[in-house]
Structure formats: C-alpha cells, structure tokens
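Please open your viewer and keep the sequence panel beside it, since this tour moves from one selection to the next. Take time at each stop to turn the view before going on.

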Amino acid sequence: GPEPVGASLAGLLPETTYHFRLKARDPRGGQYFGQPMTIKTLSVAEAWRFKYFQTKDNTGDAADDQNPSGDGISNLMKYALDMDPLKPSGLPAMMNVRPPEPGRRLGFSFLRDPEKRDITYLVEAANSPSGPWQRLASSTGGAQTTGSGFVGESDAAGSKRKVDVQDTVEMSATPARFMRLGVTRDEP
C-alpha cells in the first residue's frame with residue numbers, strides 16, 4: 001500500500017534546479033521508480049524573507065522598503081547586514097565609525113556577506129549630510145570591495161567579511177565630515 005515518504009536535504013545551492021525521482025524496494029527485492037521531478041531552491045533573499053515573513057515575495061511587510069519593527073532600518077538594510085527585521089535594533093556591533101586621531105581620517109567598518117550576490121554595498125563620504133557624496137568603496141555581486149577608500153577585508157563570523165574603509169579626506173582639511181553605507185538590490 002501507499003507509504004508516506006520524506007527526506008531531509010542539506011547543502012543545496014540557492015536558485016538551483018535539482019532533478020530527482022523516488023526509488024523504492026519491496027520486501028521481495030523488487031525495485032520501483034517514481035516519475036522524474038524537479039525542485040528549484042529559493043534565492044538567498046527569498047529564503048531570508050521566508051524565514052521571517054513566511055513568504056518569498058517582495059511584498060507587504062516583507063518588501064525591501066518596509067520597516068516592520070519600526071526602528072527606521074529597512075528590510076533591505078537588515079537583509080544586507082544579517083539583522084532580524086522583526087526586532088527593533090540599533091547599528092550592528094561590527095558597523096562602526098572610528099573617530100580619527102588629530103589630522104587623521106574617518107574610518108568605517110561593516111560586515112559584508114559574499115553569498116548575497118544580489119546586493120551592492122556602497123560607502124560614501126561628504127562634508128555635509130546634503131552632499132555631494134564621494135564614492136569611497138563598493139562591492140557588487142558578492143565580489144571583494146574596491147575603491148579609493150578601501151583599506152581591507154578580513155574573515156568574520158561564518159562566511160562574512162569585515163570590510164574596513166577610510167575616508168580619503170583628512171579631518172583637518174574640512175570643518176565636518178560624514179560617512180554613510182548604502183545598499184541596493186541588484187536585479188538579475
């Protein structure tokens with residue numbers, strides 16, 4: 001008679017189509033094969049949304065521009081920085097601005113996840129919050145960060161990379177200096 005069948009799978013890649021079919025054996029040694037089938041795994045972003053919102057769709061509270069926790073940090077930024085979108089939070093511990101020594105430059109660190117190939121991370125600096133903003137460093141498609149202010153990347157928790165960026169303008173050259181991190185989703 002019919003028997004329920006289940007299997008746990010691990011190590012599947014995101015956005016990948018897998019082909020499979022069921023193979024069964026009866027007590028007499030007879031073998032039976034099911035029809036070939038396919039499954040496609042979720043993208044990294046879809047899996048993140050499903051984990052927190054039980055949907056893979058970029059809509060409602062799960063949309064990139066939403067802020068269901070009410071803390072002013074969008075879902076897109078929380079996705080990029082591995083934060084829980086349902087809990088109010090401040091800046092992640094690894095994201096910080098280092099005050100410069102006299103005559104030095106501002107420095108900025110954050111965690112980048114190379115597995116999030118759909119994100120561009122962009123660090124900019126300006127003399128005023130209204131700009132104009134100067135690009136210091138960026139990473140697109142999971143690639144290593146580059147740019148005139150890029151200092152280095154090092155291993156961090158899991159597969160994350162700690163990115164260090166330094167302003168290209170000395171603090172003594174201007175009365176004020178600002179740095180910011182922006183993230184955008186790259187459309188495939």
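What follows is a walk through some charged pairs and one surface patch of a model that is predicted.

**First stop: a pair in two loops**

Begin by selecting D82 and K116, whose side chains meet in a salt bridge with 2.4 Å from N to O. If you colour the chain by secondary structure, you can place D82 in the loop between α2 (75-80) and β5 (96-98), while K116 sits in the loop between β6 (107-112) and β7 (119-126), so that the pair links distant parts of the chain, 34 residues apart. Which of the two classes, buried or partly exposed, fits D82? With a relative accessible area of 37%, D82 is partly exposed, whereas K116, at 3% relative accessibility, counts as buried, because buried means under 20% relative accessible area.

**Second stop: a pair in two strands**

Next, select E124 and R180, which form a salt bridge in which the closest N and O atoms are 2.8 Å apart. E124 lies in strand β7 and R180 in strand β11 (residues 178-185), so this pair ties together parts that are 56 residues apart in sequence. When you show the surface, keep in mind that E124 is buried, with a relative accessible area of 14%, and that R180 counts as partly exposed at 36% relative accessibility.

**Third stop: D164 and K162**

Now move to D164 and K162, where the side chains meet in a salt bridge with 3.0 Å from N to O. D164 has a relative accessible area of 16% and is buried, while K162, with a relative accessible area of 23%, is partly exposed.

**Fourth stop: a network**

Select R49, D64, D118 and R185 together, and show their side chains, for these residues are linked in a network of salt bridges. How many salt bridges does the count give? The count comes to 15 salt bridges, and the pairs visited on this tour, such as D82 with K116, are among them.

**Last stop: a nonpolar patch**

Finally, leave the charged residues and select L9, L12, F20, M37 and I39, which make a nonpolar surface patch of about 460 Å². Within this selection, pick out L12, which lies in the segment before β1 (17-20). L12 is partly exposed, with a relative accessible area of 35%, and you can look for its side chain on the surface alongside the other members of the patch, including F20 and M37.

Note on methods:
Residues numbered from 1 in each chain as written. Predicted model: local features only at pLDDT ≥ 70, side-chain atom pairs only at ≥ 80, totals over all residues. Heavy atoms only, no water. Salt bridge = Lys/Arg side-chain N within 4 Å of Asp/Glu carboxyl O. Helix = DSSP H or I, 4+ residues; strand = E, 2+ residues; numbered from the N terminus. Buried < 20%, exposed > 50% of the residue type's maximum accessible area, 1.4 Å probe, protein only. Patch = residues over 30% accessible without salt bridge, like charges linked within 9 Å, V, L, I, M, F, W, Y side chains within 5 Å. Areas by Shrake-Rupley, 256 points an atom, 1.4 Å probe, with all protein chains shown as cover.
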